[in-house]
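Student: I have some labels to test against their definitions. Can we start with the charged pairs?

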Amino acid sequence: MITVVRSLGEGANGCVYLVRIPDKPSHCALKLGNDSFALQSEMNALEAAGGGDTALLFSDDAVIGGITVPFYVMNFIPGISLGKLIAESNSAPLSREQISLIGESLLMRLQALHGKGWAFGDLKPDNVVIGDNGHAQLVDFGGATVFGESVKQMTELYDRGFWKAGTRRSEATYDLFAFAVIIMECGGLGAKLRSAAASPKRKLSALQELVHESKTLISAAFVLKRLLCSEYASVDEVLRDWKAAMKPQRFTFAKQALPLLWFAGACVSFAFVLWRTTS
Amino acid sequence: MRQIIVITDGYSNEGVSPSAAAAQAYARGIVVNVIGVVDRETEGMRGEREIESMARAGGGIHRVVTPSKLAYTMQMMTRHTVVATIQQVVNQELRAIMNDSQASVAALPPAKRAEVVRAVDEWTEMTPLKVALLIDASASMRNKFDAVRDAAHDLLISLQARKGPSELAVLHYPGNSSKVVEIDVEWTSELAKLEKILYKLNVKGTTPTGPAILQTISCFEGTGLLQTAYPAETESAWGDYVV
(Lines give C-alpha, C1' and ligand atoms only; values in the text may rest on other atoms or scores of the structure.)
Protein backbone atom coordinates (compact mmCIF):
# COMPACT_ATOMS: atom_id res chain seq x y z
CA MET A 1 0.00 0.00 0.00
CA ILE A 2 1.51 3.29 -1.11
CA THR A 3 0.11 6.56 0.22
CA VAL A 4 0.74 9.68 -1.86
CA VAL A 5 1.39 12.72 0.33
CA ARG A 6 1.92 15.42 -2.30
CA SER A 7 3.43 16.16 -5.69
CA LEU A 8 7.13 17.07 -5.69
CA GLY A 9 7.50 18.16 -9.27
CA GLU A 10 7.94 17.09 -12.85
CA GLY A 11 10.97 15.86 -14.77
CA ALA A 12 11.42 15.08 -18.46
CA ASN A 13 10.65 11.40 -17.89
CA GLY A 14 7.69 11.69 -15.51
CA CYS A 15 6.17 13.09 -12.33
CA VAL A 16 7.60 12.76 -8.82
CA TYR A 17 5.50 12.34 -5.66
CA LEU A 18 6.25 12.25 -1.97
CA VAL A 19 4.89 8.93 -0.67
CA ARG A 20 4.70 6.78 2.46
CA ILE A 21 5.29 3.06 2.19
CA PRO A 22 5.20 0.59 5.09
CA ASP A 23 8.59 -1.03 5.86
CA LYS A 24 10.44 1.72 3.95
CA PRO A 25 12.04 4.96 5.17
CA SER A 26 9.34 7.25 6.59
CA HIS A 27 9.23 9.32 3.41
CA CYS A 28 10.13 8.20 -0.10
CA ALA A 29 10.01 9.81 -3.53
CA LEU A 30 8.09 7.95 -6.24
CA LYS A 31 8.59 8.71 -9.92
CA LEU A 32 5.79 7.75 -12.26
CA GLY A 33 7.13 7.34 -15.80
CA ASN A 34 5.55 8.23 -19.11
CA ASP A 35 7.76 5.86 -21.12
CA SER A 36 9.14 2.57 -19.86
CA PHE A 37 12.33 2.81 -21.97
CA ALA A 38 13.22 6.29 -20.72
CA LEU A 39 12.33 5.53 -17.11
CA GLN A 40 14.31 2.29 -17.11
CA SER A 41 17.26 4.12 -18.62
CA GLU A 42 17.08 6.63 -15.77
CA MET A 43 16.87 3.80 -13.22
CA ASN A 44 19.95 2.19 -14.72
CA ALA A 45 21.80 5.49 -14.32
CA LEU A 46 20.57 5.90 -10.76
CA GLU A 47 21.74 2.41 -9.85
CA ALA A 48 25.15 2.83 -11.43
CA ALA A 49 25.83 6.45 -10.47
CA GLY A 50 23.62 7.14 -7.44
CA GLY A 51 24.38 5.98 -3.95
CA GLY A 52 24.25 7.34 -0.43
CA ASP A 53 21.20 9.55 -0.18
CA THR A 54 20.13 9.05 -3.76
CA ALA A 55 19.51 5.33 -3.92
CA LEU A 56 16.98 3.38 -5.91
CA LEU A 57 14.80 1.38 -3.48
CA PHE A 58 12.61 -0.65 -5.82
CA SER A 59 10.62 -0.45 -9.05
CA ASP A 60 7.45 -1.95 -10.43
CA ASP A 61 4.43 -1.31 -12.64
CA ALA A 62 1.23 0.25 -11.39
CA VAL A 63 -2.15 -0.07 -13.09
CA ILE A 64 -3.89 3.30 -13.00
CA GLY A 65 -7.30 3.55 -14.63
CA GLY A 66 -6.62 0.43 -16.69
CA ILE A 67 -3.29 1.73 -18.00
CA THR A 68 0.00 0.14 -16.94
CA VAL A 69 2.46 2.79 -15.76
CA PRO A 70 6.06 2.08 -14.73
CA PHE A 71 7.37 3.67 -11.54
CA TYR A 72 10.32 3.56 -9.20
CA VAL A 73 10.84 4.54 -5.59
CA MET A 74 13.93 6.25 -4.17
CA ASN A 75 14.98 8.08 -1.01
CA PHE A 76 13.27 11.37 -0.47
CA ILE A 77 15.66 14.31 -0.29
CA PRO A 78 14.15 17.00 1.95
CA GLY A 79 14.84 20.65 1.16
CA ILE A 80 14.00 23.36 -1.31
CA SER A 81 14.99 23.30 -4.95
CA LEU A 82 17.70 25.79 -5.85
CA GLY A 83 15.53 26.95 -8.74
CA LYS A 84 12.85 27.98 -6.26
CA LEU A 85 15.40 29.56 -3.94
CA ILE A 86 16.75 31.73 -6.75
CA ALA A 87 13.25 32.66 -7.97
CA GLU A 88 12.22 33.65 -4.43
CA SER A 89 15.26 35.88 -4.03
CA ASN A 90 13.74 38.11 -6.73
CA SER A 91 16.92 38.46 -8.78
CA ALA A 92 18.87 39.61 -5.70
CA PRO A 93 22.04 37.58 -5.23
CA LEU A 94 22.12 34.93 -2.52
CA SER A 95 24.54 35.68 0.31
CA ARG A 96 28.22 35.04 -0.23
CA GLU A 97 28.31 32.45 2.59
CA GLN A 98 25.31 30.66 1.11
CA ILE A 99 26.85 30.54 -2.37
CA SER A 100 30.14 29.37 -0.95
CA LEU A 101 28.46 26.43 0.79
CA ILE A 102 26.18 25.54 -2.14
CA GLY A 103 29.16 25.62 -4.50
CA GLU A 104 31.36 23.51 -2.29
CA SER A 105 28.74 20.85 -1.54
CA LEU A 106 27.66 20.71 -5.18
CA LEU A 107 31.26 20.24 -6.28
CA MET A 108 31.61 17.37 -3.81
CA ARG A 109 28.51 15.68 -5.26
CA LEU A 110 29.96 16.04 -8.74
CA GLN A 111 33.28 14.70 -7.51
CA ALA A 112 31.61 11.51 -6.26
CA LEU A 113 29.60 11.12 -9.48
CA HIS A 114 32.59 11.74 -11.76
CA GLY A 115 34.59 9.27 -9.67
CA LYS A 116 32.18 6.60 -10.86
CA GLY A 117 32.71 7.60 -14.48
CA TRP A 118 29.41 9.43 -14.96
CA ALA A 119 28.48 13.03 -15.74
CA PHE A 120 25.20 14.40 -14.40
CA GLY A 121 24.30 15.98 -17.77
CA ASP A 122 21.22 18.06 -17.07
CA LEU A 123 22.73 20.13 -14.26
CA LYS A 124 20.46 23.11 -13.48
CA PRO A 125 19.00 24.80 -10.37
CA ASP A 126 15.77 22.79 -10.63
CA ASN A 127 17.77 19.57 -10.27
CA VAL A 128 19.62 20.75 -7.17
CA VAL A 129 17.97 20.52 -3.74
CA ILE A 130 19.27 22.61 -0.84
CA GLY A 131 18.77 20.96 2.57
CA ASP A 132 18.25 22.66 5.93
CA ASN A 133 21.99 22.62 6.52
CA GLY A 134 22.52 24.61 3.32
CA HIS A 135 24.16 21.70 1.48
CA ALA A 136 23.31 20.85 -2.13
CA GLN A 137 22.08 17.46 -3.39
CA LEU A 138 21.49 16.27 -6.94
CA VAL A 139 18.07 14.99 -7.97
CA ASP A 140 16.67 13.63 -11.28
CA PHE A 141 19.23 11.40 -12.95
CA GLY A 142 17.43 11.50 -16.33
CA GLY A 143 20.41 13.22 -17.96
CA ALA A 144 23.17 11.19 -16.28
CA THR A 145 25.49 9.80 -18.94
CA VAL A 146 28.55 7.54 -18.90
CA PHE A 147 31.74 9.49 -19.72
CA GLY A 148 32.51 9.48 -23.42
CA GLU A 149 28.93 9.19 -24.69
CA SER A 150 26.67 12.02 -25.87
CA VAL A 151 24.84 13.77 -23.04
CA LYS A 152 21.29 12.41 -22.81
CA GLN A 153 19.35 15.43 -21.58
CA MET A 154 20.29 19.07 -21.26
CA THR A 155 18.83 22.53 -20.76
CA GLU A 156 19.91 25.33 -23.10
CA LEU A 157 21.05 27.92 -20.59
CA TYR A 158 23.40 25.45 -18.85
CA ASP A 159 24.54 23.62 -21.99
CA ARG A 160 28.00 24.59 -23.22
CA GLY A 161 27.06 23.44 -26.76
CA PHE A 162 24.33 26.07 -26.80
CA TRP A 163 26.88 28.78 -25.88
CA LYS A 164 29.29 27.50 -28.55
CA ALA A 165 31.75 26.76 -25.76
CA GLY A 166 32.42 23.09 -26.37
CA THR A 167 31.05 19.66 -27.16
CA ARG A 168 28.03 17.81 -25.80
CA ARG A 169 30.12 14.79 -24.96
CA SER A 170 29.78 13.55 -21.38
CA GLU A 171 32.90 14.54 -19.45
CA ALA A 172 33.77 16.33 -16.21
CA THR A 173 34.10 19.69 -17.95
CA TYR A 174 30.56 19.47 -19.33
CA ASP A 175 29.08 19.46 -15.80
CA LEU A 176 31.56 22.09 -14.62
CA PHE A 177 30.37 24.55 -17.27
CA ALA A 178 26.79 24.12 -16.02
CA PHE A 179 28.05 24.52 -12.46
CA ALA A 180 29.56 27.91 -13.34
CA VAL A 181 26.29 29.11 -14.90
CA ILE A 182 24.36 27.98 -11.81
CA ILE A 183 26.72 29.91 -9.54
CA MET A 184 26.31 33.00 -11.75
CA GLU A 185 22.56 32.68 -11.32
CA CYS A 186 23.02 32.44 -7.54
CA GLY A 187 25.07 35.63 -7.80
CA GLY A 188 22.07 37.53 -9.17
CA LEU A 189 22.96 37.33 -12.87
CA GLY A 190 19.89 35.29 -13.91
CA ALA A 191 18.16 38.02 -15.91
CA LYS A 192 21.39 39.08 -17.66
CA LEU A 193 22.17 35.45 -18.50
CA ARG A 194 18.79 35.00 -20.10
CA SER A 195 19.01 38.12 -22.20
CA ALA A 196 22.51 37.11 -23.36
CA ALA A 197 21.12 33.67 -24.24
CA ALA A 198 18.32 35.19 -26.31
CA SER A 199 20.79 37.14 -28.45
CA PRO A 200 21.44 35.42 -31.79
CA LYS A 201 25.13 36.28 -31.42
CA ARG A 202 25.47 34.59 -28.03
CA LYS A 203 28.94 33.35 -27.38
CA LEU A 204 31.33 32.34 -24.65
CA SER A 205 33.10 35.70 -24.34
CA ALA A 206 29.81 37.47 -23.56
CA LEU A 207 29.21 34.95 -20.80
CA GLN A 208 32.69 35.46 -19.39
CA GLU A 209 32.24 39.22 -19.28
CA LEU A 210 29.02 38.79 -17.33
CA VAL A 211 30.95 37.12 -14.49
CA HIS A 212 32.37 40.50 -13.44
CA GLU A 213 28.95 42.09 -13.07
CA SER A 214 28.17 40.32 -9.80
CA LYS A 215 29.76 41.95 -6.75
CA THR A 216 29.05 38.84 -4.69
CA LEU A 217 31.13 36.70 -7.03
CA ILE A 218 34.10 39.03 -7.43
CA SER A 219 36.53 36.87 -5.49
CA ALA A 220 35.55 33.78 -7.53
CA ALA A 221 35.51 35.47 -10.94
CA PHE A 222 38.72 33.85 -12.17
CA VAL A 223 37.51 30.37 -11.13
CA LEU A 224 34.20 30.87 -12.93
CA LYS A 225 35.90 32.14 -16.09
CA ARG A 226 38.19 29.14 -16.17
CA LEU A 227 35.22 26.82 -15.64
CA LEU A 228 33.34 28.43 -18.52
CA CYS A 229 36.12 27.66 -20.95
CA SER A 230 36.59 24.09 -19.66
CA GLU A 231 40.07 24.78 -18.33
CA TYR A 232 39.81 22.59 -15.25
CA ALA A 233 40.53 18.93 -15.91
CA SER A 234 38.83 17.64 -12.76
CA VAL A 235 36.60 18.66 -9.87
CA ASP A 236 39.48 18.24 -7.40
CA GLU A 237 41.28 21.31 -8.75
CA VAL A 238 38.07 23.34 -8.86
CA LEU A 239 37.25 22.44 -5.27
CA ARG A 240 40.66 23.65 -4.13
CA ASP A 241 40.39 26.96 -6.02
CA TRP A 242 36.75 27.44 -5.03
CA LYS A 243 37.50 27.06 -1.32
CA ALA A 244 40.38 29.50 -1.58
CA ALA A 245 38.37 32.06 -3.57
CA MET A 246 35.27 31.90 -1.38
CA LYS A 247 36.86 31.74 2.06
CA PRO A 248 35.36 34.19 4.57
CA GLN A 249 36.73 37.71 4.05
CA ARG A 250 37.82 38.64 7.58
CA PHE A 251 40.17 41.42 6.63
CA THR A 252 38.04 43.35 4.24
CA PHE A 253 38.05 46.41 6.52
CA ALA A 254 41.82 46.53 6.76
CA LYS A 255 42.11 46.17 3.00
CA GLN A 256 39.70 48.99 2.22
CA ALA A 257 41.05 51.19 5.01
CA LEU A 258 44.69 50.75 4.07
CA PRO A 259 44.94 53.71 1.64
CA LEU A 260 43.10 55.87 4.19
CA LEU A 261 45.57 54.90 6.91
CA TRP A 262 48.43 55.75 4.62
CA PHE A 263 46.91 59.12 3.87
CA ALA A 264 46.25 59.86 7.55
CA GLY A 265 49.80 58.83 8.39
CA ALA A 266 51.18 61.12 5.74
CA CYS A 267 49.08 64.02 7.03
CA VAL A 268 50.23 63.50 10.59
CA SER A 269 53.89 63.36 9.65
CA PHE A 270 53.49 66.43 7.41
CA ALA A 271 51.84 68.33 10.26
CA PHE A 272 54.60 67.18 12.58
CA VAL A 273 57.32 68.38 10.21
CA LEU A 274 55.47 71.68 9.76
CA TRP A 275 55.18 72.15 13.50
CA ARG A 276 58.86 71.35 14.02
CA THR A 277 60.02 73.79 11.34
CA THR A 278 57.76 76.66 12.49
CA SER A 279 58.57 76.36 16.17
CA MET B 1 19.73 5.24 -39.58
CA ARG B 2 18.69 7.82 -42.12
CA GLN B 3 16.57 10.89 -41.68
CA ILE B 4 15.39 13.96 -43.59
CA ILE B 5 14.26 17.05 -41.68
CA VAL B 6 12.20 19.37 -43.88
CA ILE B 7 12.03 22.99 -42.72
CA THR B 8 9.30 25.04 -44.36
CA ASP B 9 6.79 27.80 -43.67
CA GLY B 10 3.94 27.08 -46.01
CA TYR B 11 2.43 25.18 -48.90
CA SER B 12 4.33 23.47 -51.64
CA ASN B 13 3.20 24.57 -55.08
CA GLU B 14 5.06 22.54 -57.64
CA GLY B 15 5.55 18.93 -58.65
CA VAL B 16 4.75 15.66 -56.91
CA SER B 17 2.82 15.92 -53.64
CA PRO B 18 5.05 16.09 -50.57
CA SER B 19 3.27 13.16 -48.90
CA ALA B 20 3.82 10.91 -51.91
CA ALA B 21 7.50 11.87 -51.93
CA ALA B 22 7.80 11.32 -48.16
CA ALA B 23 6.18 7.88 -48.52
CA GLN B 24 8.80 6.99 -51.14
CA ALA B 25 11.56 8.05 -48.77
CA TYR B 26 10.09 6.01 -45.93
CA ALA B 27 9.80 2.97 -48.19
CA ARG B 28 13.57 3.24 -48.70
CA GLY B 29 14.23 3.40 -44.97
CA ILE B 30 14.51 7.17 -44.64
CA VAL B 31 12.34 8.79 -41.96
CA VAL B 32 10.94 12.21 -42.89
CA ASN B 33 10.37 14.72 -40.06
CA VAL B 34 8.89 18.13 -40.79
CA ILE B 35 9.20 21.46 -38.98
CA GLY B 36 6.85 24.32 -39.82
CA VAL B 37 8.34 27.69 -38.87
CA VAL B 38 6.04 30.54 -37.84
CA ASP B 39 6.80 34.06 -36.63
CA ARG B 40 4.54 33.92 -33.60
CA GLU B 41 3.42 30.89 -31.67
CA THR B 42 -0.22 31.89 -31.54
CA GLU B 43 -0.80 32.48 -35.21
CA GLY B 44 -0.85 28.86 -36.38
CA MET B 45 0.55 27.91 -39.74
CA ARG B 46 -0.85 27.89 -43.22
CA GLY B 47 -0.23 24.49 -44.69
CA GLU B 48 -0.07 22.72 -41.34
CA ARG B 49 -2.24 19.92 -42.74
CA GLU B 50 0.26 19.41 -45.52
CA ILE B 51 3.25 19.08 -43.20
CA GLU B 52 1.27 16.81 -40.91
CA SER B 53 0.42 14.36 -43.67
CA MET B 54 3.96 14.66 -45.06
CA ALA B 55 5.43 13.60 -41.72
CA ARG B 56 2.91 10.81 -41.28
CA ALA B 57 3.66 9.40 -44.74
CA GLY B 58 7.37 9.70 -43.98
CA GLY B 59 7.13 7.75 -40.71
CA GLY B 60 8.18 10.81 -38.74
CA ILE B 61 6.71 13.58 -36.65
CA HIS B 62 5.89 17.22 -37.33
CA ARG B 63 6.05 20.34 -35.17
CA VAL B 64 5.12 23.99 -35.72
CA VAL B 65 7.58 26.25 -33.89
CA THR B 66 9.00 29.79 -33.76
CA PRO B 67 12.57 30.30 -35.05
CA SER B 68 13.94 30.42 -31.48
CA LYS B 69 12.81 26.83 -30.83
CA LEU B 70 14.20 25.48 -34.10
CA ALA B 71 17.46 24.17 -32.67
CA TYR B 72 15.81 22.35 -29.79
CA THR B 73 13.14 20.87 -32.07
CA MET B 74 15.64 19.51 -34.59
CA GLN B 75 17.62 17.87 -31.84
CA MET B 76 14.54 16.39 -30.23
CA MET B 77 13.32 15.02 -33.59
CA THR B 78 16.66 13.42 -34.38
CA ARG B 79 16.86 11.72 -31.01
CA HIS B 80 13.23 10.65 -31.22
CA THR B 81 13.76 9.11 -34.64
CA VAL B 82 16.74 7.05 -33.51
CA VAL B 83 15.12 5.92 -30.26
CA ALA B 84 11.74 5.14 -31.82
CA THR B 85 13.30 3.15 -34.66
CA ILE B 86 15.42 1.06 -32.32
CA GLN B 87 12.57 0.47 -29.90
CA GLN B 88 10.42 -0.69 -32.78
CA VAL B 89 13.05 -3.20 -33.83
CA VAL B 90 13.59 -4.42 -30.27
CA ASN B 91 9.87 -4.87 -29.71
CA GLN B 92 9.62 -6.82 -32.97
CA GLU B 93 12.48 -9.06 -31.89
CA LEU B 94 10.86 -9.64 -28.50
CA ARG B 95 7.62 -10.62 -30.19
CA ALA B 96 9.47 -13.13 -32.32
CA ILE B 97 11.50 -14.57 -29.42
CA MET B 98 8.61 -14.79 -26.99
CA ASN B 99 6.17 -15.82 -29.70
CA ASP B 100 3.65 -13.34 -28.37
CA SER B 101 2.13 -10.64 -30.55
CA GLN B 102 1.68 -8.36 -27.52
CA ALA B 103 5.25 -8.58 -26.24
CA SER B 104 7.21 -5.36 -25.83
CA VAL B 105 9.78 -3.97 -23.44
CA ALA B 106 6.95 -2.48 -21.39
CA ALA B 107 5.45 -5.97 -21.00
CA LEU B 108 8.69 -7.52 -19.74
CA PRO B 109 8.86 -8.05 -16.00
CA PRO B 110 10.42 -4.89 -14.50
CA ALA B 111 13.48 -6.81 -13.35
CA LYS B 112 14.27 -7.95 -16.91
CA ARG B 113 13.95 -4.50 -18.44
CA ALA B 114 17.23 -3.14 -17.13
CA GLU B 115 19.41 -5.34 -19.36
CA VAL B 116 17.33 -4.78 -22.50
CA VAL B 117 17.22 -1.02 -22.01
CA ARG B 118 20.98 -0.90 -21.39
CA ALA B 119 21.48 -2.58 -24.78
CA VAL B 120 19.01 -0.19 -26.43
CA ASP B 121 20.84 2.84 -24.98
CA GLU B 122 24.14 1.54 -26.26
CA TRP B 123 22.67 0.92 -29.70
CA THR B 124 21.13 4.41 -29.76
CA GLU B 125 24.57 5.86 -29.12
CA MET B 126 26.50 3.69 -31.58
CA THR B 127 24.27 3.30 -34.62
CA PRO B 128 25.50 5.19 -37.71
CA LEU B 129 23.32 8.23 -38.36
CA LYS B 130 22.82 10.43 -41.40
CA VAL B 131 20.62 13.52 -41.24
CA ALA B 132 19.74 15.65 -44.28
CA LEU B 133 18.34 19.11 -43.61
CA LEU B 134 16.10 20.12 -46.47
CA ILE B 135 15.32 23.83 -46.25
CA ASP B 136 12.57 25.73 -48.01
CA ALA B 137 14.38 28.82 -49.35
CA SER B 138 11.34 30.63 -50.74
CA ALA B 139 11.17 34.39 -50.17
CA SER B 140 9.06 34.25 -47.00
CA MET B 141 11.64 32.02 -45.30
CA ARG B 142 14.58 34.40 -45.78
CA ASN B 143 14.21 36.28 -42.48
CA LYS B 144 14.44 32.96 -40.65
CA PHE B 145 17.75 31.89 -42.16
CA ASP B 146 19.88 33.08 -39.24
CA ALA B 147 17.86 30.84 -36.94
CA VAL B 148 18.14 27.96 -39.43
CA ARG B 149 21.94 28.34 -39.65
CA ASP B 150 22.17 28.46 -35.89
CA ALA B 151 20.01 25.35 -35.54
CA ALA B 152 22.05 23.44 -38.13
CA HIS B 153 25.21 24.30 -36.22
CA ASP B 154 23.59 23.18 -32.98
CA LEU B 155 22.42 19.89 -34.46
CA LEU B 156 25.90 19.07 -35.70
CA ILE B 157 27.32 19.72 -32.21
CA SER B 158 24.95 17.05 -30.93
CA LEU B 159 25.80 14.66 -33.77
CA GLN B 160 29.52 15.12 -33.13
CA ALA B 161 29.07 14.10 -29.50
CA ARG B 162 27.77 10.65 -30.48
CA LYS B 163 30.08 7.67 -30.40
CA GLY B 164 28.72 6.21 -33.61
CA PRO B 165 29.49 7.73 -37.04
CA SER B 166 27.20 10.71 -37.61
CA GLU B 167 26.90 12.98 -40.63
CA LEU B 168 24.87 15.97 -41.69
CA ALA B 169 24.04 17.30 -45.16
CA VAL B 170 22.27 20.59 -45.89
CA LEU B 171 20.18 21.24 -48.99
CA HIS B 172 17.78 23.97 -49.97
CA TYR B 173 15.11 24.33 -52.63
CA PRO B 174 14.42 25.64 -55.21
CA GLY B 175 17.95 25.44 -56.60
CA ASN B 176 19.61 27.67 -59.18
CA SER B 177 19.24 27.40 -62.96
CA SER B 178 16.22 25.12 -62.98
CA LYS B 179 17.64 22.60 -60.49
CA VAL B 180 15.12 21.46 -57.90
CA VAL B 181 17.55 21.50 -54.99
CA GLU B 182 20.91 23.03 -54.26
CA ILE B 183 23.37 21.16 -52.04
CA ASP B 184 24.80 23.58 -49.49
CA VAL B 185 26.98 21.01 -47.74
CA GLU B 186 27.55 17.36 -48.62
CA TRP B 187 27.80 14.72 -45.87
CA THR B 188 30.07 16.12 -43.22
CA SER B 189 30.76 16.08 -39.51
CA GLU B 190 32.84 19.28 -39.51
CA LEU B 191 31.31 22.43 -38.05
CA ALA B 192 33.41 24.73 -40.22
CA LYS B 193 31.67 23.42 -43.36
CA LEU B 194 28.36 24.82 -42.11
CA GLU B 195 29.49 28.42 -42.28
CA LYS B 196 28.57 28.83 -45.92
CA ILE B 197 25.07 27.42 -45.99
CA LEU B 198 22.06 29.17 -47.52
CA TYR B 199 23.86 31.73 -49.62
CA LYS B 200 23.47 30.65 -53.25
CA LEU B 201 19.79 31.44 -53.40
CA ASN B 202 17.36 31.40 -56.26
CA VAL B 203 14.92 34.26 -56.58
CA LYS B 204 12.22 32.26 -58.28
CA GLY B 205 9.14 31.92 -56.14
CA THR B 206 8.22 28.26 -56.41
CA THR B 207 8.18 25.77 -53.53
CA PRO B 208 8.74 22.28 -54.97
CA THR B 209 8.75 20.42 -51.63
CA GLY B 210 7.81 17.00 -53.08
CA PRO B 211 10.40 16.92 -55.88
CA ALA B 212 13.01 18.23 -53.42
CA ILE B 213 12.39 15.27 -51.11
CA LEU B 214 12.78 12.86 -54.03
CA GLN B 215 16.12 14.44 -54.92
CA THR B 216 17.28 14.25 -51.32
CA ILE B 217 16.65 10.48 -51.33
CA SER B 218 19.24 10.06 -54.07
CA CYS B 219 21.67 12.01 -51.93
CA PHE B 220 21.46 9.21 -49.34
CA GLU B 221 21.97 6.53 -51.89
CA GLY B 222 25.32 7.82 -53.01
CA THR B 223 24.13 8.42 -56.56
CA GLY B 224 24.48 12.17 -56.16
CA LEU B 225 21.74 14.41 -57.42
CA LEU B 226 19.84 13.65 -60.57
CA GLN B 227 20.51 16.80 -62.49
CA THR B 228 17.32 16.80 -64.53
CA ALA B 229 15.20 19.79 -63.64
CA TYR B 230 12.07 17.94 -62.64
CA PRO B 231 12.11 14.14 -62.78
CA ALA B 232 9.75 12.43 -65.18
CA GLU B 233 7.86 10.60 -62.43
CA THR B 234 6.58 13.97 -61.28
CA GLU B 235 3.98 13.80 -63.99
CA SER B 236 2.90 10.23 -63.38
CA ALA B 237 2.61 10.82 -59.66
CA TRP B 238 -0.12 13.33 -60.25
CA GLY B 239 -1.49 11.00 -62.94
CA ASP B 240 -3.85 13.52 -64.49
CA TYR B 241 -2.59 13.03 -67.99
CA VAL B 242 -2.84 9.28 -68.29
CA VAL B 243 -4.92 8.39 -71.32
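Tutor: Gladly. This is a predicted model. Begin with A:Asp140 and A:Lys31, whose side chains meet in a salt bridge.

Student: What makes the contact of A:Asp140 and A:Lys31 a salt bridge?

Tutor: The N to O distance is 3.5 Å. The cut-off is within 4 Å, between a Lys or Arg side-chain nitrogen and an Asp or Glu carboxyl oxygen, so the label holds.

Student: Why is this pair said to link distant parts of the chain?

Tutor: The two residues are 109 residues apart. A:Asp140 sits in the loop between strand E9 (136-138) and strand E10 (145-146) of chain A. A:Lys31 belongs to strand E3 (residues 28-33) of chain A.

Student: Is A:Lys31 buried or exposed, and how do you know?

Tutor: Buried: its relative accessible area is 3%. Buried means under 20%, so A:Lys31 qualifies.

Student: What makes the salt bridge of B:Asp121 and A:Lys152 one that joins two chains?

Tutor: B:Asp121 lies in helix H4 (residues 110-126) of chain B, and A:Lys152 in the loop between E10 and H4 of chain A, so the partners come from two chains. Their N to O distance is 4.0 Å.

Student: Why does B:Asp121 count as partly exposed?

Tutor: Its relative accessibility is 22%. Buried needs under 20% and exposed over 50%, so B:Asp121 falls in between.

Student: How do B:Glu182 and B:Lys179 pass the salt-bridge test?

Tutor: Their closest N and O atoms are 3.4 Å apart. The limit is 4 Å, so they pass. B:Glu182 is buried at 5% relative accessible area, whereas B:Lys179 is partly exposed at 25%.

Student: What makes A:Arg226, A:Glu231, A:Arg240 and A:Asp241 one network?

Tutor: Salt bridges that share partners join them. Over all chains, the search of the whole structure finds 23 salt bridges.

Student: Now backbone and exposure. What is notable about phi of A:Ser91?

Tutor: Phi is positive, about 60°, although A:Ser91 is not a glycine. A:Ser91 lies in the loop between helix H2 (82-88) and helix H3 (96-115) of chain A.

Student: Why is A:Ser91 called exposed?

Tutor: Its relative accessible area is 56%. Exposed means over 50%, so the term fits.

Student: How do you know that helix H5 of chain B has close to its expected span?

Tutor: H5 (residues 145-161) reaches 25 Å from its first C-alpha to its last, against 24 Å expected.

Student: What makes H5(B) mostly covered?

Tutor: Of its 17 residues, 14 are buried.

Note on methods. Residues are numbered from 1 along each chain as its sequence is written. Chains are lettered from A and ligands numbered from 1 in the order in which they are written. This is a predicted model: local features need pLDDT of at least 70, side-chain atom pairs count only at pLDDT 80 or more; totals for chains, interfaces and linings use all residues. Side-chain values use heavy atoms; hydrogens and water are left out. Helices (H or I, at least four residues) and strands (E, at least two) are DSSP runs, numbered from the N terminus. Buried means under 20% relative accessible area, exposed over 50%, partly exposed in between (1.4 Å probe, protein chains only). The expected span of a helix is 1.5 Å times one less than its number of residues.
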